[in-house]
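Okay, thanks everyone for coming. I'd like to walk you through a chain that's new to most of us, so have a look at it first and then we'll go through it together.

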Amino acid sequence: MNIPDSIKPIHEASLVILQKTGIRIHHEQAGELLRQKGCRVDGQTVRFEPGWLMDVVEQTPASFELHARNPNHSITIGGGNTQPAPCY
């Protein structure tokens with residue numbers, strides 16, 4: 001993955017946080033799935049190895065269709081598209 005120099009320090013710091021501190025996953029099945037994939041799971045805290053995480057990111061599509069019940073309201077996420085969304 002080609003990370004622009006301007007954000008490389010932020011990217012690298014985020015990988016350290018995900019490896020050392022981890023994130024809290026409140027969904028038991030999601031935590032178990034991540035454990036099966038090799039992540040370190042301690043209760044609800046999941047820690048990710050940077051190499052594994054970047055391999056997963058590399059496998060994601062550049063864009064995907066988010067289908068609405070009404071097809072007229074379906075949107076494309078990624079691929080240079082900008083979509084308005086509420087923030088909570």
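Right, so let's start at the N terminus and just follow the elements along: they run α-β-α-β-β-α-β-β. Tallied up, that's three helices and five strands. One thing to keep in mind while you look at the picture: this is a predicted model.

Now, overall dimensions. How does the radius of gyration of the chain stand against that of a compact globule of 88 residues? The chain comes out at 16 Å, while a compact globule of that length would be near 12 Å. If you put a box around the C-alpha atoms along the principal axes, you get roughly 45 × 35 × 25 Å.

What about burial? Of the 88 residues, 16% count as buried. The exposed surface adds up to about 7200 Å², and 55% of that is supplied by carbon and sulfur atoms. As for contacts, take those between residues at least 6 apart in sequence: 31% of them join residues at least 24 apart.

A quick word on charge. There are 8 positive and 9 negative charges in the chain, and their mean positions sit 6 Å apart.

Okay, let's go inside. Which residues make up the largest nonpolar core? There are nine of them: L15, I25, L34, C39, V41, V46, F48, L53 and M54.

I want to pick out V46 from that group. You'll find V46 in strand β3. Buried or exposed, then? V46 has a relative accessible area of 1%, so V46 counts as buried. And who are its partners? Leaving out residues up to four places away in sequence, V46 touches L18, G22, I23, I25, L34, C39, R40 and V41. Several of those names should ring a bell, among them I25, L34, C39 and V41, which belong to the core along with V46. Take L34: the C-alpha atoms of V46 and L34 are separated by 7.8 Å, and the two residues are twelve apart along the chain.

Last stop, T45. Strand β3 covers residues 45-47, and T45 is part of it. T45 has a relative accessible area of 14%, and the cut-off for buried is under 20%, so T45 is buried too. With residues up to four places away in sequence again left out, T45 touches T21, G22, I23, R24 and R40. If you look back at V46, you'll see G22, I23 and R40 on that list as well.

That's my tour, happy to take questions.

Methods:
Residues are numbered from 1 along each chain as its sequence is written. This is a predicted model: local features need pLDDT of at least 70, side-chain atom pairs count only at pLDDT 80 or more; totals for chains, interfaces and linings use all residues. Side-chain values use heavy atoms; hydrogens and water are left out. A nonpolar core is a set of buried Ala, Val, Leu, Ile, Met, Phe, Trp, Tyr and Cys residues joined through side-chain atoms within 4.5 Å. Buried means under 20% relative accessible area, exposed over 50%, partly exposed in between (1.4 Å probe, protein chains only). Helices (H or I, at least four residues) and strands (E, at least two) are DSSP runs, numbered from the N terminus. Contact means heavy atoms within 4.5 Å. The radius of gyration is taken over C-alpha atoms; the globule rule is 2.2 Å times the number of residues to the power 0.38. Accessible areas come from the Shrake-Rupley method with a 1.4 Å probe; for residues, only the protein chains shown count as cover. Lys and Arg count as positive and Asp and Glu as negative; His and the chain ends are not counted. The place of a charge is taken as NZ of Lys, CZ of Arg, CG of Asp or CD of Glu.
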